[in-house]
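Visitor: I am new to this structure and would love a close look at one part of it. Could you take me to the place where the two chains meet, and then show me a little of what lies around it?

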Amino acid sequence: MFGQLLVAGIVHGLIIGLAALAVTLVFGIARFPNAAAGDTMTAGAYAGLVAHKASGSLLVAGGAAVAASGLISLLGYLLVFRPLARRPVASLLVAAIGVAFLIRAALGIVFGHQQQVFQVPLAWPIEVAGIRIPPMDLTLAGVAACALAGAFGVLYLTSIGRQMRAVADDPDLARVSGIRPMRVMVTLWLLAGAAAGIAGLMLGVKTVVAPEMGWEGLLSAFAAAILGGIGSPVGAVAAGLLLGIAQEISTPYVGFTYKIALSFAVMLAVLLFRPRGLFGRVEGVR
Amino acid sequence: MEAYLVAIAIIAAIYVLLTLGLTLQYGLTGLVNFGHVGFFAIGAYASALISMQGMPLVVSFVCAAAIAALAAYPIGLVALRLRDDYFAVVTLGFSETVRLAITSEKWLTNGVQGIPGVPKAFAGMGIGMAGAVATLAAIALACGVAALMLRRITRSPFGRVIEAIRDNEDALRALGKDPARFKIQVLALGSALAGVAGAFYAHYITYLSPDQFIPLVTFYVWMAMIMGGVGRVSGAVVGALLLMLFLEGTRFLRDVAPDLISAVDMASVRLGAVGLALVLFTLFRPQGLMGDYTRR
């Protein structure tokens, strides 16, 4: 029982971790909590669903999810968040909610409100040390690992990744060092969108695809981003895993509905007692 | 037709109360409260449950306001230590947690089945229009009192302090004022207004369920505030009326042309319209229709 929950928790944690990665990148560099991240996830799930129906391949579905979510994320930046860059953070917050509603409304109109599922072949679970692991969980974990490797590769091995981290560290210093903000921002939003898209695809395969799915996962993503330390990609993924496992393991005790409330409690506790999170740097303000 | 107009006016007045609460919190003090609906829900359920224990409505209304204000107190304590963006996320999480608690604690709230048969306000006046008109009068009075209170606040030393919190908290600190106390008071007062709005809602609709208290309601109120003009009492009233026009307009459109668009699609269209309004107003007209043009 415990092992089963642990496996479910890891898969769920990878989903939260990827979504938290999208949130923390934007929070660290563009400096506001992007409430549209959840609905960007949903867009990825629907794109993946359509591609999967057409091709039957999960790989193609992943590509479609990344492309659709990345595009939507970039459009949101160019049309809404970029013009608002110099405004108070409250404007960005309200605009992000507006973008989230727009994405969800569009998906609702195009795809309807019926829950849809990925038609994946059923397979016998593999038994490892008495724990039954569904092969799909292994596939999804592999997808997540590839996505994370890609994201961390961009962040830590490329020049643009180094520039992104420099902007996250100190935007003014980055600017006087000759880093072009536009290129950094475009990469940032593409990367955040792609991470959200993969998270949405995984969530869709694991559960169902519906217009509300991303919004409902948003709070967990925020909690993981805060727990991991804002602006820390490693922290976001680690905290996502932690939160995913904690949610699954606590379900038998606190019930299904309080899973989300657990995220809220974790978030509050972190903000009050250790605002820089697990991996964050000390910051003057929070 | 009169019954329809009275019904719309009552709902509009409930939104006016909610918008006034948010105007106090965000418009005047700059607290980014994304969990307004949570306090609305607390007020609604508190008043419904207390009145169903046989208490008179006067008592249940006072309790609704007090409980909503009390619920705001811990959130206020948290708020003191958080920047705007974190506070927004925390309040959003709070309102979702309230909704989850209402869904889960069946012994108290009857879960998703909801609470039917909440006592109607002014039920003693018979089942005709008289009761509804009396309800409208009472809530209009409440709106009037709240608007006057806000207007008084903006012209008082208290109002100058909270507007200073909004404009430059560091400068205020440097002048030796402690923003903490003011923030908590503002949150509690705004939430009490939301609680009273919830009580009116509960005793007018007479049926409560968790799905009436989704975050969308919070952003209806934000939309009303932003359309009317942030930080203006008159703007809150105008914005809430515009919101009502929008909500009823979309319903009306569906009634006259039911084949044109299905009910679920209409819900999406509404959601999209709210989203579009939030985006366009923040982009192009952040001060709203009746906003303060002396500042951005």
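Guide: Happy to; we will start at the contact between the chains, go on to the nonpolar core and a helix pair, and end in two loops. Please keep in mind that this is a predicted model.

Let's begin where the chains touch. On one side are 34 residues of chain B, and they are in contact with 37 residues of chain A. If you look at chain B, three helices each supply at least two residues of the side that touches chain A: α4 (84-104), α10 (215-228) and α12 (263-284). The largest share of that side comes from α12(B), with 13 residues. As for the kinds of residue on this side of chain B, 20 are nonpolar, eight are polar and six are charged.

Now to the core. The largest nonpolar core holds 203 residues, and those that touch the most other members are A:A19, A:A195, A:I198, B:L17 and B:L278. Helix α1 of chain A, residues 2-29, gives this core its largest share, 16 residues. Let's pause at B:L17, one of the residues just named. Setting aside neighbours within four places in sequence, B:L17 is in contact with B:A142, B:C143 and B:A146, and also with B:L193, B:V196 and B:A197.

Back in chain A, you can follow α1(A) to a partner, helix α10 (residues 233-254) of chain A. The axes of these two helices are 6 Å apart, and the helices pack at an angle of about 145°. The crossing of α1(A) past α10(A) is right-handed. Where α1(A) and α10(A) are in contact, the residues divide into 18 nonpolar, eight polar and one charged.

Finally, come with me to two loops of chain B. Most residues other than glycine have a negative phi. B:N110 is not a glycine, yet its phi is positive, about 65°. You will find B:N110 in the loop between α5 (106-109) and α6 (129-154) of chain B. With 15 other C-beta atoms within 10 Å, B:N110 is partly exposed. B:T206 is not a glycine and has a positive phi of about 65°. B:T206 sits in the loop between α9 (179-205) and α10 of chain B. The count of other C-beta atoms within 10 Å of B:T206 is 16, so B:T206 is partly exposed.

Technical notes
Residues are numbered from 1 along each chain as its sequence is written. Chains are lettered from A and ligands numbered from 1 in the order in which they are written. This is a predicted model: local features need pLDDT of at least 70, side-chain atom pairs count only at pLDDT 80 or more; totals for chains, interfaces and linings use all residues. Two residues are in contact if their C-beta atoms, placed from the backbone, lie within 7 Å. Helices (H or I, at least four residues) and strands (E, at least two) are DSSP runs, numbered from the N terminus. Ala, Val, Leu, Ile, Met, Phe, Trp, Tyr, Cys and Pro count as nonpolar, Asp, Glu, Lys and Arg as charged, and the others, Gly among them, as polar. A nonpolar core is a set of buried Ala, Val, Leu, Ile, Met, Phe, Trp, Tyr and Cys residues joined through C-beta atoms within 7 Å. A residue is buried if 20 or more other C-beta atoms lie within 10 Å of its own, exposed if 12 or fewer, and partly exposed in between; C-beta atoms are placed from the backbone. Axes are lines fitted to C-alpha atoms, for helices over the stretch in contact, and angles run from 0 to 180 degrees between N-to-C directions. A crossing is left-handed if the near helix is turned anticlockwise from the far one by less than a right angle, and right-handed if clockwise.
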